[in-house]
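Hi,

Here is the structure I said I would pass on. Have a look at it first, and then read my notes underneath.

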Amino acid sequence: MNLEQNIKKIRADFPQLGISINNHPLVYLDNAATTLKPKVVIDAITHYYSFEVANVHRGIHTLSEVGTRHFEETRVAVQHLLNAREAYEVIYTKGTTDSVNLLAQCFGKKFLKPGDEILLSLMEHHSNIVPWQMIAEVTGAKVVVIPINAAGEIDLVEYKKLLNSKTKMVSITHVSNTLGTVNPVNEMITLAHSVGAKVCIDAAQSIAHMKIDVQAMDCDFLIFSAHKMYGPDGLGFLYGKEDLLNEMPPFEGGGSMISEVTFEKTTYNVLPNKFEAGTPAISGIIAFKKAIEYVLELGLDNIKTRELELLDYATSEIKKISGIRIIGEAKEKSGVLSFVLEGAHPHDLGTLLDKQGIAIRTGHHCTQPLLKHYQCSAAARASFAFYNTKEEIDIFIAGLKKARDFLL
Ligand code: PMP
């Protein structure tokens, strides 16, 4: 589909794009934090709560069977989205953060020993740092940091030097939520495998913006959240290779994850149920299939092209404003533009833009070690989705100039 030609129709699919904030039409440039939801997703949630409420995997009554079928259809849709070999290699979680916690705990308990090393890059989101630190503390493993260069790209020479026989896990983001850098994950995975390490790819910022093929990448694990891809919040995914998922112990105990329970000994269910204790986010899971269909209908290649055009335009326009320093100038970027305005606090900028109806993110973006590296404690960030327009970027740039004139 040609997104430019259909932009009016596409924007009409997102009710929230029609609202006003502080008496100005909303300009939503905080898509890396969370994306807006198309009507098909909202309708699917409303439909479930209006007519199809039932728990899954538990009843033999019609509603439970229908619900379970829809619930499992989303798993197959995610399998196809990722090109995973099997649907049961897709585990439902509460989000990317929950997926990393699951992985760190379960992988760690099975595979990490004192002295082992977990490699993370300097640009990781806190959710891909802290769970690994927590399991490192318990197992005696060590977290080792892969440095980045001034442009905000992973230093591959240093990365190669850090890999060794003690490296058990490399957990890296596909796209940095602060820098926008697209990391060379294919090359990094091959290098990690050459020393026998496993790799987890944090696809929170890439899943909605480019094609992903876990078999071609050959990653061992891949994680993301539905809300970053036009889907509901409280839902995420962990893809894992079947043999590794089978070797790992379960995460949480409870209903659904068991095969048989006695007070003496409990045996566990097969994949994927082994990792899915309790009643899941049924409505969100069912609705997420609509988000996947919506994105695939637009085409991930078309989305990528459009978002890069928006990024290039915004980058060239923002560079014309004196005093702006862009944080993250990698050769390969996704639609994320972080910046600081010398002499102005990002929060003040964010507040003044909000008064004009423009939503951007300000703060540390859950990447404190990274911002420290850039010698700032906070930055402003505009992040783009296919429904944004050049006109919105013009409004953002004009708003930024107005804020600068007010503040400086
Ligand atoms: N990793 C990255 C790169 C992210 O951008 C985010 C969300 N900002 C997360 C992980 C965490 O995602 P969630 O809050 O949905 O668990």
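Below is what I found, starting with the ligand and then moving to the cores and two residues of one helix. Keep in mind that this is a predicted model.

**The ligand site**

Twelve residues would be a lot to take in at once, so here they are by class: the shell around the ligand is made of nine polar residues, two charged ones and one nonpolar one. If you want to click through them, the residues around the ligand are Thr 96, Thr 97, His 125, Ser 127, Thr 173, Asn 177, Asp 202, Ala 204, Gln 205, Ser 225, His 227 and Lys 228.

Three of the side chains are worth a look for their polar contacts to ligand oxygen. Ser 225 has a polar side-chain atom 2.6 Å from an oxygen atom of the ligand. For His 227, a polar side-chain atom sits 2.7 Å from a ligand oxygen, and in Gln 205 an N or O atom of the side chain is 2.7 Å from an oxygen atom of the ligand. As for cover, the ligand taken alone exposes 390 Å², and the protein buries 85% of that.

**The cores**

The largest nonpolar core holds 77 residues. Which of them touch the most other members? Those are Leu 222, Phe 224, Tyr 230, Phe 288, Phe 386 and Tyr 387. Helix H10, which covers residues 282–298, gives the most to this core, with 10 residues. Where does the core lie relative to the domains? Domain 1 (7–30 + 299–407) and domain 2 (43–296) both give residues to it, so the core lies between them.

There is also another core, apart from that one, with 26 residues. Ile 326, Leu 341, Leu 352 and Leu 400 are among them.

**Two residues in helix H11**

Helix H11 spans residues 300–318, and Leu 311 is in it. Is Leu 311 buried or exposed? Leu 311 has a relative accessible area of 4%, and since buried means under 20%, Leu 311 counts as buried. Its C-alpha atom is 40 Å from that of Ala 141, with the two positions 170 residues apart along the chain.

Thr 315 is found in helix H11 too. Its relative accessible area is 16%, so Thr 315 is buried under that 20% cut-off. From Thr 315 to Ile 154 the C-alpha distance is 21 Å, and the two are 161 residues apart in sequence.

Cheers

Notes
Residues numbered from 1 in each chain as written. Predicted model: local features only at pLDDT ≥ 70, side-chain atom pairs only at ≥ 80, totals over all residues. Heavy atoms only, no water. Core = buried A, V, L, I, M, F, W, Y, C linked by side-chain atoms within 4.5 Å. Buried < 20%, exposed > 50% of the residue type's maximum accessible area, 1.4 Å probe, protein only. Helix = DSSP H or I, 4+ residues; strand = E, 2+ residues; numbered from the N terminus. Domains from an automatic or database assignment. Near = heavy atom within 4 Å. Polar contact = N/O pair within 3.5 Å; in protein donor to acceptor, adjacent residues only side chain to side chain. Areas by Shrake-Rupley, 256 points an atom, 1.4 Å probe, with all protein chains shown as cover. Nonpolar A, V, L, I, M, F, W, Y, C, P; charged D, E, K, R; others polar.
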